[in-house]
Amino acid sequence: MSNPLLLTDGYKVDHRRQYPTGTTLVYSNWTPRKSRIESIDEIVFFGLQYFIKKYILEDFETHFFKQPKEEVIAAYSRRINNYLGENQVGTKHIEDLYDLGYIPMVIKALPEGFSVPVRVPMFTMYNTLPEFFWLTNYFETLVSAVIWMPCTSATIAKQYRKVLDKYAKETSSMPEFVDWQGHDFSMRGMAGIEAGVCSSSGHLLSFTGTDTIPAIDLLEKYYNANSDKELVGGSVSATEHSVMCMGTFEDELGTFRRLITEVYPKGVLSIVSDTWDLWKVLTEYLPKLKNEITNREGKVVIRPDSGDPVDIICGNPQGKNENEKKGVIELLWDTFGGTVNAKGYKELIPQIGAIYGDSITIDRATQICERLKEKGFASTNVVLGIGSYTYQYNTRDTFGFAMKTTYGEVDGVGREIFKDPVTDDGTKKSAKGLMKIISENNTYKLVDQVNWELEKTGELKEVFRDGELLIDLTLEEIRKNIRK
């Protein structure tokens, strides 16, 4: 990896000379400015501790401060000179930072895991030494690239959790099953490994099901989780289409039988079931395997993987045959039965279930739960695989994240600064001056244009100062925060 000071937008490298002569302090904040998802107006804060540990502490230490000074400066100079040509950015400020040996910055933040209203800052940053005023907003690109996705995915996962909790409370005898009902399938469809892992870590704040193994590593390394002592994330044995195809079309029933009775005689097993004919699996193969399944120690999970998720799971009243009209859950009930719980809803026997993991959205999840309820089935009869169709169809603008400066000091005099473009709809209008966050009626509220004395009060707490992490949250603490 190269010098982390080069992990920035090109225009950042010479802003140092553009600030007024005598500038000694730049104070900025990270804020979700707008929600483009209609049902969401509070955003989960998550990912700052990862950013601090991974980039400010690990990467700067390894790839900057511990590298030979002449090599670091030469590489920086080469890159910038080749990039900007005759532009005289200089290297003395980089040398000075190297000689200092740490990042001279304060970061004050709300606790990760809590939901923050739109337009309320999640954290602030400012330099602690006057000669490094340029460093605050130099970090904007890196901060934004690393943190917007875990915040966004954690927020969307929490919305799924709200939907699934609501219907489980109304229709199910086991609302605790919701921990597993939203299962992360997103990694292969994300924009790179780090995006996938950070997004999946956000998912795991609200659920325990994931197929993204390295998300568990991230939470252990950067959020003090311990999978030996707590359930960080888990999954079950599952097939893919190549397995079913290799078993041959002619002997698909044999493949099901072998998997259920020989390869996995106990435990949870998910079997992709629409490689050829889902309805044939449900109405011919499973009835023939009923005894093996009902007498098995564990659950066989049927996984459709194509078509309209709502209609496949719940049935389509306009379907061209009885199977399509009934859908997966009702057809499983016809074969295996189950119980009617105290709330009056049908729950399949524990040995059979279903999962759908293709093109799930919050809206489709809601429809599935609602239509199952209308048919008299508990929502927890099905698990939903939440993939990149949910987590990759977002950008930094989904919640309008931005890091903006609101205060600075020039020649020892403070300046309250702000932006309010006349051509904008109000989204880009920033706060002004120093700020504090207060808790009012169980929600966070911004108070800006305060003095330094008031800035030191409120809900923002120092989590980092001058190369040292001051607050080190655990996954357990953050999961508790997200449920509040």
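Is serine 144 buried or exposed? Select serine 144 to find out: its relative accessible area is 12%, and with buried meaning under 20%, this residue counts as buried. What you have open is a predicted model, so let's walk through it one selection at a time.

**Stop 1: around serine 144**

Show helix H6, residues 140–171, as a cartoon, and you will find serine 144 in it. Now add Trp30 and Arg396 as sticks. Setting aside neighbours within four places in sequence, these are the residues in contact with serine 144.

**Stop 2: the whole chain**

Zoom out for a moment. The protein chain has 19 helices and 20 strands, and its C-alpha atoms fill a box of roughly 85 × 50 × 45 Å along the principal axes. Of its 484 residues, 51% count as buried. Among contacts between residues at least 6 apart in sequence, 77% join residues at least 24 apart.

**Stop 3: strand S14**

Next, select residues 382–386, which form strand S14. Five of the five residues of S14 are buried, so the strand is largely enclosed by the rest of the structure. Colour the two faces separately: Val382, Leu384 and Ile386 lie on one side, while Val383 and Gly385 lie on the other.

Now bring in the strands that pair with S14. Strand S6, residues 182–184, runs parallel to S14 and is joined to it by three bridges; look for glycine 182 opposite leucine 384. Strand S13, residues 352–356, also pairs with S14 in the parallel sense, over three bridges. Here isoleucine 355 has valine 383 as its bridge partner in S14. Add helix H16, residues 362–374, and you have a right-handed β-α-β unit made of S13, H16 and S14.

**Stop 4: aromatic rings**

Stay in this area and select tryptophan 333 and phenylalanine 377. A pair of aromatic rings is described by the distance of the centres and the angle of the planes. Tryptophan 333 and phenylalanine 377 are 5.9 Å apart centre to centre, with 80 degrees between the planes, an edge-to-face pair. Tryptophan 333 belongs to helix H15 (residues 322–336) and phenylalanine 377 to the loop between H16 and S14, so the pair ties together parts that are 44 residues apart in sequence. Both of these residues are buried.

The count for the model comes to 25 aromatic pairs. For a cluster linked by ring pairs, select Tyr50, Phe51, Tyr55, Phe60, Phe64, Phe65, Tyr98, Phe139 and Tyr222.

**Stop 5: lysines over rings**

Keep tyrosine 55 on screen and add lysine 54: its charged end sits over the tyrosine ring, 4.5 Å from the centre. Then move to lysine 166, which lies over the face of tyrosine 167 at 4.1 Å from the ring centre.

**Stop 6: an annotated span**

Highlight residues 5–57. An unreviewed UniProt entry places the feature "domain: Nicotinamide phosphoribosyltransferase N-terminal" here. In the model, this span is 26% helix and 25% strand, and its end C-alpha atoms lie 13 Å apart.

**Stop 7: two asparagines with positive phi**

Finish with asparagine 224, whose phi is near 55 degrees, a positive value in a residue other than glycine. Asparagine 224 is found in the loop between helix H9 (213–222) and strand S8 (237–238), and counts as partly exposed at 33% relative accessibility. Asparagine 441 has a phi near 55 degrees too. You will find asparagine 441 in the loop between strand S17 (434–440) and strand S18 (443–450), where it counts as exposed at 74% relative accessibility.

Note on methods:
Residues are numbered from 1 along each chain as its sequence is written. This is a predicted model: local features need pLDDT of at least 70, side-chain atom pairs count only at pLDDT 80 or more; totals for chains, interfaces and linings use all residues. Side-chain values use heavy atoms; hydrogens and water are left out. Rings of Phe, Tyr and Trp (its six-membered ring) pair if their centres lie within 6.5 Å; planes under 30 degrees apart count as stacked, over 60 as edge-to-face and the rest as tilted. Helices (H or I, at least four residues) and strands (E, at least two) are DSSP runs, numbered from the N terminus. Buried means under 20% relative accessible area, exposed over 50%, partly exposed in between (1.4 Å probe, protein chains only). A charge sits over a ring if NZ of Lys or CZ of Arg is within 6 Å of the ring centre and within 35 degrees of the ring normal. UniProt positions are given in the numbering used here, feature names are shortened, and annotations may be inferred rather than shown by experiment. Two strands pair if DSSP finds at least two bridges between them. A crossover is right-handed if, with the strands pointing away from the viewer, the path from the first strand over the helix to the second runs clockwise. Contact means heavy atoms within 4.5 Å.
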